[in-house]
Every structure is written in structure tokens, then in C-alpha cells.
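Student: I would like to go through this structure slowly with you, asking at each step how a description is justified.

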Amino acid sequence: MSKHNLNSLVETIRSRYLSIRAQIEAAAQRVGRDPQAVRLVVVSKTHPVETVQAAIEAGIRDFGENYAEEALQKIQAFHAIEGLRWHMIGHVQSRKADLVAGHFDWMHSLDSLKLANRLERFAAQNGRTLPVLLECNVGGETSKFGYAASTPQDLEILSREVEQIALLPHLQIRGLMTMPPLYNDPEQTRPFFAKLRQVRDFLAEKFPMLDWRELSMGTSADFVAAVEEGATFVRIGTAILGARPPKSYS
Ligand SMILES: *Cc1c(COP(=O)(O)O)cnc(C)c1O
């Protein structure tokens with residue numbers, strides 16, 4: 001990318017980032033929340049290293065990625081830059097747990113005890129403690145990953161998993177994450193955000209010794225509703241980095 005093109009990309013990303021940040025602040029204030037309690041994770045999946053570089057120059061430090069190998073290239077490209085935080089937000093196959101436990105700062109999409117056990121093993125090997133969020137499928141779509149969390153039986157099963165995960169010394173439960181069904185109207189998504197908060201409140205009551213502070217919810221399409229419903233992480237790609245290039249490998 002030419003110097004000129006890079007500079008204009010930096011400016012585009014910076015102004016979109018500031019505009020989203022302002023919308024988050026307004027939404028938080030509307031419901032009496034501290035705007036500082038909402039962190040903005042910029043989702044860079046399938047974007048090339050150059051776009052991430054422009055985002056870093058625009059002042060962005062938190063990046064969300066869905067594919068472990070692709071992310072690793074970016075993490076390594078920018079390892080010399082202080083203060084970057086990498087968030088895994090996609091489904092992780094157990095055999096890729098080592099990449100996540102070794103290189104990511106947050107794991108938003110923990111969705112099985114099997115994966116938790118693998119992450120624990122590699123986090124221990126790397127001498128790290130990994131903050132994790134449990135992904136919940138509050139929309140009940142069978143195509144989605146995450147723990148079912150609709151019926152009392154679902155919550156019973158989820159609670160048993162929490163008991164097991166809480167025993168793993170190198171994983172630190174910090175809250176919940178969800179990716180609700182996609183609608184054109186964010187008001188249709190709002191009940192799913194409220195539902196995630198209710199699941200969180202249920203777990204916080206049942207497991208008061210654990211930390212349930214974080215709610216990772218809301219994307220470009222619906223982050224305002226998510227913030228109003230209590231999001232502490234929003235995950236925004238398109239509205240800041242523009243349309244995603246197609247995924248180039250699996
Ligand atoms: C891609 C993705 C996002 C970002 O979506 P945008 O619509 O580009 O903002 C957020 N969360 C998850 C889990 C994703 O996979």
C-alpha cells in the first residue's frame with residue numbers, strides 16, 4: 001500500500017472509530033452507565049495485515065479475530081508494539097487451543113469443557129492465565145455455537161460446566177458472550193442481549209465467588225442496543241474497518 005493510501009485509510013478508520021465511540025458513550029449515558037465500562041473490540045478477521053497496521057496507527061489497541069492461524073500472522077507481525085490486546089471471538093477447534101492459549105489475551109468464545117481443558121493445559125505450559133467468557137446461544141439457533149441457555153435444563157447443564165471450568169487454575173471466568181440471530185432492526189435483537197444479562201445474573205447468584213462482570217455482545221448492526229442492555233465489550237468490524245474481504249483460506 002502506498003504511503004498516501006495508508007494515510008487516508010488511517011484517517012478513515014480513525015474517524016469511524018471516534019464516531020462509534022461517541023455513539024457508545026451516548027448510549028451508555030442514556031441508561032446511566034459509565035461509558036468507560038464499555039470496551040470496543042475492533043474485529044479484524046479476514047482483513048489483511050495492512051488494514052490492521054492502519055488501525056493501530058489510528059490508535060486502536062483491541063482486536064477481535066475468529067480464525068486462530070490467520071490471527072497468529074497478525075499477532076506476530078505486530079508483536080513489537082506495546083499494549084495490543086487480541087481477543088478470540090470465533091469458534092475454536094480443540095486442536096487449535098494451543099494457539100489461543102499461547103497468543104490471545106481474551107477468549108470470548110469458550111463453548112465446551114473439552115476446549116476449556118485443552119486451553120488450561122496450554123495456558124499452564126505457557127505460564128499464562130487466560131480470561132475467558134462463556135459463549136451462550138440465547139437465540140436457540142441450531143446452527144450457532146455456544147451453550148444453550150433457554151430452558152431450566154439448559155441452565156442446569158451450563159452450571160455443571162461452570163463448576164468444572166472454575167476448577168481450572170489457568171482459566172479465569174469473567175462473564176458471558178453471545179452472537180444473537182441477525183435482524184435488520186436492532187430492536188429485534190435487544191431481547192437476546194437482555195436474555196444474556198439475565199443468564200449472567202442467574203450465574204452470578206449461583207456462583208458468587210466467580211467474576212461475572214463482562215458481557216460481550218453487540219456488533220456493527222446492533223451495538224447501541226447492546227450497550228443499553230449492559231454490554232462491557234462490543235465487537236465491531238464493518239462499521240470501522242469497512243467491508244470484509246472474503247476469507248482466503250480455511
Ligand atoms: C465478525 C464478527 C463480529 C463483527 O461483525 P460486524 O458486523 O462486522 O461488526 C462480531 N462478533 C463476532 C463473533 C463475529 O464473528
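Student: Why is strand E1 described as largely enclosed by the rest of the structure?

Tutor: Keep in mind from the start that this is a predicted model. Four of the five residues of E1 are buried, so the strand is largely enclosed by the rest of the structure.

Student: What makes Leu-40 count as buried?

Tutor: Leu-40, which lies in strand E1, has a relative accessible area of 4%. Buried means under 20%, and therefore Leu-40, at 4%, is called buried. Leaving aside neighbours within four places in sequence, Leu-40 is in contact with Tyr-17, Ile-20, Arg-21, Ile-24, Asp-62, Val-234, Ile-236 and Ile-240.

Student: How far apart are Leu-40 and Arg-235, in sequence and in space?

Tutor: They are 195 residues apart in sequence, while their C-alpha atoms are 6.3 Å apart in space.

Student: How do you know that E1 is paired with E9?

Tutor: Four bridges join strand E1 (residues 39-43) to E9, and the two run parallel. Two strands pair if there are at least two bridges between them, so four bridges are enough for the name. Among the partners, Arg-39 is bridged to Phe-233 of E9, and Val-42 is bridged to Ile-236 of E9.

Student: What joins E1 to strand E2?

Tutor: Two bridges join E1 to strand E2 (residues 62-65), again in a parallel arrangement. Since pairing asks for at least two bridges, these two also qualify as a pair. In E2, the bridge partner of Val-43 is Gly-64.

Student: What makes you say that both faces of strand E9 are covered?

Tutor: On one side of E9 (residues 233-236) are Phe-233 and Arg-235, on the other are Val-234 and Ile-236, and all of these are buried.

Student: Is Ser-216 buried or exposed, and how do you know?

Tutor: Ser-216, in strand E8 (residues 214-216), is buried, because its relative accessible area is 0%. Not counting residues up to four places away in sequence, Ser-216 touches several residues, including His-108, Leu-133, Phe-233 and Arg-235.

Student: What is notable about the phi angle of Thr-46?

Tutor: Thr-46 has a positive phi of about 65 degrees although it is not a glycine. This residue is found in the loop between E1 and helix H2 (49-57). With a relative accessible area of 15%, Thr-46 is under the 20% limit and is therefore called buried.

Student: Which residues are around the ligand?

Tutor: Among them are Val-43, Lys-45, Asn-66, Arg-235, Ile-236, Gly-237 and Arg-244.

Student: What makes the approach of Asn-66 to the ligand a polar contact?

Tutor: An N or O atom in the side chain of Asn-66 is 2.7 Å from an oxygen atom of the ligand. A polar contact is a pair of N or O atoms within 3.5 Å, so the pair at 2.7 Å meets the condition. A backbone N or O atom of Gly-237 lies 2.9 Å from a ligand oxygen, and a polar side-chain atom of Arg-244 lies 2.7 Å from an oxygen atom of the ligand. The protein covers 88% of the 390 Å² of accessible area that the ligand has on its own.

Student: Which residues have the most contacts inside the largest nonpolar core?

Tutor: This core has 73 residues, and Met-107, Leu-119 and Ile-240 have the most contacts inside it. Its largest share, nine residues, comes from helix H1 (residues 3-30). A second, separate core of seven residues includes Val-43, Trp-106, Leu-133 and Met-177.

Definitions and conventions. Residues numbered from 1 in each chain as written. Predicted model: local features only at pLDDT ≥ 70, side-chain atom pairs only at ≥ 80, totals over all residues. Heavy atoms only, no water. Buried < 20%, exposed > 50% of the residue type's maximum accessible area, 1.4 Å probe, protein only. Contact = heavy atoms within 4.5 Å. Near = heavy atom within 4 Å. Polar contact = N/O pair within 3.5 Å; in protein donor to acceptor, adjacent residues only side chain to side chain. Areas by Shrake-Rupley, 256 points an atom, 1.4 Å probe, with all protein chains shown as cover. Core = buried A, V, L, I, M, F, W, Y, C linked by side-chain atoms within 4.5 Å.
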